Amino acid sequence: MTRRIEQLNEQLKSELAGLIAKEINLSHGLITVCLVRCSTDLKHAKVAVSVLPDKLAGTALSSLRQHSSSFSQALRQKLKIRQIPRFHWTLDTTESRAAKIEEIIKMSNF
């Protein structure tokens, strides 16, 4: 991955986090942008998010997908790049898996 794409990934991650905080009201929930990975042609970007509590994950993904075009418009005005990638939203389950593993370890060490 080139340095330019890495920088764009970080910038998109930061900007999307701000837009999500402003635009999506997930009552009693939290959405965190964990990863943005753009394709080499910059046409697509995988955006992995973490949602707490887990039971709101479906609602959060649905809201994110509905807001994708408005996020793209806002980013187009703010960033100086030719093309804003199309966002593909996925869940990052690393935290929940880590919590489950930690719980198993605690139970096995009575």
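Here are some short exercises on the structure above, each with a worked solution.

This is a predicted model, so local features need pLDDT of at least 70 and side-chain atom pairs count only at pLDDT 80 or more, while totals for chains, interfaces and linings use all residues. Residues are numbered from 1 along each chain as its sequence is written, and side-chain values use heavy atoms, with hydrogens and water left out.

**Exercise 1. Work out how many disulfides the structure holds.**

Start with the rule: a disulfide is a pair of cysteine sulfur atoms within 2.5 Å. Next, take Cys34: its nearest cysteine sulfur belongs to Cys38 and is 16 Å away. Seen from the other side, the sulfur of Cys38 has Cys34 as its closest partner at 16 Å, which is too far for a bond. The tally is zero disulfides.

Now add the surroundings. Buried means under 20% relative accessible area, exposed means over 50%, and partly exposed is in between (1.4 Å probe, protein chains only). Cys34 comes out at 27%, so it is partly exposed. Cys38 has 8%, so it is buried.

**Exercise 2. Place Asn9 in the fold: which helix is it in, and is it buried or exposed?**

First, the element. Helices (H or I, at least four residues) and strands (E, at least two) are DSSP runs, numbered from the N terminus. Asn9 sits in helix 1, which covers residues 3–23.

Second, the accessibility: with a relative accessible area of 5%, Asn9 is buried.

Third, the company. Contact means heavy atoms within 4.5 Å. Skip the neighbours within four places in sequence, and Asn9 touches Met1, Val36, Arg37 and Cys38.

Last, a long-range check: Asn9 and Ile84 are 75 residues apart in sequence, yet their C-alpha atoms are 11 Å apart in space.

**Exercise 3. Find the aromatic pairs and say how each one is arranged.**

A pair of aromatic rings is described by the distance of the centres and the angle of the planes. The rings of Phe, Tyr and Trp (its six-membered ring) pair if their centres lie within 6.5 Å; planes under 30 degrees apart count as stacked, over 60 as edge-to-face and the rest as tilted.

That rule gives two aromatic pairs. Take Phe71 and Trp89: the centres are 6.1 Å apart and the planes are at 65°, so this pair is edge-to-face. It bridges distant parts of the chain, with Phe71 in helix 2 (residues 57–78) and Trp89 in strand 3 (residues 86–91), 18 residues apart. Phe71 is buried at 1% relative accessibility, and Trp89 is buried at 4%.

Then look at Phe87 and Trp89, which are 5.8 Å apart centre to centre with 50° between the planes, a tilted pair. Phe87 is buried, as is Trp89. Put the pairs together, and Phe71, Phe87 and Trp89 form one aromatic cluster.

**Exercise 4. Describe how helix 1 and helix 2 pack.**

Two packed helices are described by the angle between their axes and the distance between the axes. Axes here are lines fitted to C-alpha atoms, for helices over the stretch in contact, and angles run from 0 to 180 degrees between N-to-C directions.

Helix 1 and helix 2 meet at an angle of about 120°, and their axes are 10 Å apart. That makes helix 1 oblique to helix 2 (under 35 degrees is roughly parallel, over 145 roughly antiparallel, 65 to 115 roughly perpendicular, and the rest oblique).

To finish, list who touches whom. Helix 1 brings Leu12, Glu15, Leu16, Leu19, Ile20 and Glu23, while helix 2 brings Leu64, His67, Phe71, Ala74, Leu75 and Lys78.

**Exercise 5. Compare the backbone and setting of His28 and Leu42.**

Begin with phi. His28 has a positive phi near 60° without being a glycine; Leu42 has a positive phi near 65°, also in a residue other than glycine.

Then find the loops. His28 is between helix 1 and strand 1 (30–38), and Leu42 is between strand 1 and strand 2.

Finish with accessibility: His28 is exposed at 79%, whereas Leu42 is buried at 12%.
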